[in-house]
Amino acid sequence: MKPIHILILIALYFAVLIIISYFTGKEDSNDAFFKANKSSPWFIVAFGMIGASLSGVTFISVPGDVGNGMFSYMQVVFGYLFGYFVIAFVLMPIYYKLNVTSIYEYLGNRFGIVSHKTGAVFFFVSRVLGASFRLFLVASVLHEFVFKFWNFPFALTVVISVLLIMIYTFRGGVKTVVWTDTIQTLFMLTALIVTIVLIYQQMGWGFGDFMESKELKQFDKIFFFDDFLAKNHFIKQFLGGMFITICMTGLDQDMMQKNLTCKTLKDAQKNMISFSVILVFVNFVFLLLGALLFIYADTNGIGIPTVDGTPKTDLLYPEIALKSNLGIPVAIFFTLGLIAAAYSSADSALTSLTTSFCIDFLNIEKKPLNTQKGTRKKVHIIMAALLVLVIISFYYLLDQSVISGLLTVAGYTYGPLLGLFAYGIFTKQKINDKRVPWVAIISVGATYLIASLPPAYLGGYQWGYELLILNGLITFTGLSIIRKKQTDNQVI
């Protein structure tokens with residue numbers, strides 16, 4: 001596809017989102033921006049959550065990973081399923097009972113203001129780095145294949161990308177995001193189905209033929225119980241997937257804000273359970289697509305794309321979608337699916353950052369009513385500018401290895417959140433609130449040092465997703481150390 005064609009697709013895509021924002025943003029209130037007036041239909045939230053959970057990385061990497069780990073990723077997905085059940089029946093009742101706007105208000109209610117701010121800061125750092133990196137990847141692709149053609153500087157590409165997101169979330173906030181997520185999910189799933197159907201036609205297969213083919217047998221192993229020291233052992237991946245979901249959905253303002261827009265707790269639970277079951281199926285279909293891509297590539301003599309001489313299986317899907325003889329429909333829907341996957345996480349990130357800063361740091365609900373809306377709009381603009389600055393700094397000031405290190409640290413920030421929420425829910429102990437930041441920082445540092453140890457020092461053990469659990473346990477232990485001792489009167 002030529003740059004002008006991709007630009008037209010992007011323009012049409014954002015035109016649809018801006019039209020949606022026009023109708024959903026008519027009520028320009030803080031309650032609509034932060035909570036969507038608690039009026040979102042649960043089934044709309046559930047469908048949109050599929051797209052929000054499938055990032056641009058997932059869209060490309062899950063099919064590509066089939067060549068490396070077969071279908072072992074399903075072990076993580078089954079863990080996701082149990083994690084969503086924990087969110088639905090443990091965390092959501094707490095959030096709805098307290099009627100929170102920011103989920104970190106719970107930490108303030110349970111422990112104190114410092115714990116509240118600590119949780120919000122850890123979310124803020126993680127979300128700014130994570131959202132900026134995802135947008136950095138999208139902006140880099142758009143710059144290379146579209147805007148560079150007209151000699152646009154990279155900084156202008158970034159400004160345009162973030163400005164478009166800010167425009168359609170500026171008035172409606174999460175109310176708009178709930179509905180735009182449904183469109184983005186639709187684009188991603190359409191790209192998935194169109195690719196599969198057209199490859200089937202090229203191969204002369206039906207679904208049954210594919211499922212019974214000998215070619216699929218080399219990829220379809222799901223469960224791995226052989227070597228507990230390896231990263232892909234079932235227990236490690238299952239527990240890792242479970243706690244990733246609990247932390248990166250249940251303890252993440254970005255993901256939970258949309259769920260909290262449902263009218264009642266029962267509706268929110270229906271949304272979470274239905275979405276989680278569908279997500280298992282969708283991830284399995286992505287893995288089937290991965291196997292199909294490798295079989296198609298082998299049959300048609302398509303090599304795995306390389307970067308600096310190193311094979312990159314993540315690039316196989318775009319290589320086949322954009323450069324093979326599958327036709328223009330696959331190229332169009334793949335491009336739309338990739339754009340949707342990237343921006344579906346970016347728009348909700350900008351909205352959640354605005355919400356968290358207004359509620360957790362500015363206490364906007366305590367400000368005069370006539371200033372609240374204006375404050376929220378200013379913060380929204382500032383958050384967009386912050387994302388622009390961080391993305392541009394990635395491009396001009398940092399190399400890829402430094403960015404990777406920053407994202408690794410950002411991933412560790414969910415461990416202290418896990419420890420804080422677990423200690424609050426499963427104990428009745430009070431803690432020294434002022435010491436919580438030190439516990440959280442020490443936990444991140446200790447986890448990073450342990451993860452950096454060579455496997456030989458640990459008897460060959462390789463850390464995987466379960467590192468998040470270790471991080472939470474260290475925080476939990478630290479909170480136990482700084483707990484307040486009960487007096488006799490308190491016990492009585």
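In which hand, left or right, does α3 pass α14? In this predicted model, the crossing of α3 past α14 is right-handed. The contact draws on both helices. From α3 come W42, V45, A46, M49, I50 and S53. From α14 come D267, K270, N271, S274, F275, I278, L279 and V282. By character, the residues of this contact comprise nine nonpolar, three polar and two charged.

The geometry of the pair can be stated further. Helix α3 covers residues 42-53, and helix α14 covers residues 265-299. Their axes come within 8 Å. The crossing angle is roughly 40°. Angles under 35 degrees would count as roughly parallel, and 65 to 115 as roughly perpendicular. The two helices are therefore oblique to each other.

A second site centres on T169. This residue belongs to helix α8, which spans residues 154-169. Is T169 buried or exposed? Its relative accessibility is 0%, so T169 counts as buried; the cut-off for buried is under 20%.

The side chain of T169 takes part in polar pairings. A polar atom of this side chain lies 2.9 Å from the backbone oxygen of I165. The T169 side chain also makes a polar contact with the side chain of H380, at 3.0 Å. H380 appears again among the contacts of T169 that leave aside neighbours within four places in sequence. The others in that set are F33, V177, D347, L350 and T351.

Technical notes: Residues are numbered from 1 along each chain as its sequence is written. This is a predicted model: local features need pLDDT of at least 70, side-chain atom pairs count only at pLDDT 80 or more; totals for chains, interfaces and linings use all residues. Side-chain values use heavy atoms; hydrogens and water are left out. Helices (H or I, at least four residues) and strands (E, at least two) are DSSP runs, numbered from the N terminus. Buried means under 20% relative accessible area, exposed over 50%, partly exposed in between (1.4 Å probe, protein chains only). A polar contact is a pair of N or O atoms within 3.5 Å; within protein, one must be able to donate a hydrogen and the other to accept it, and residues adjacent in sequence count only if both atoms are side-chain atoms. Contact means heavy atoms within 4.5 Å. Axes are lines fitted to C-alpha atoms, for helices over the stretch in contact, and angles run from 0 to 180 degrees between N-to-C directions. Angles under 35 degrees count as roughly parallel, over 145 as roughly antiparallel, 65 to 115 as roughly perpendicular and the rest as oblique. A crossing is left-handed if the near helix is turned anticlockwise from the far one by less than a right angle, and right-handed if clockwise. Ala, Val, Leu, Ile, Met, Phe, Trp, Tyr, Cys and Pro count as nonpolar, Asp, Glu, Lys and Arg as charged, and the others, Gly among them, as polar.
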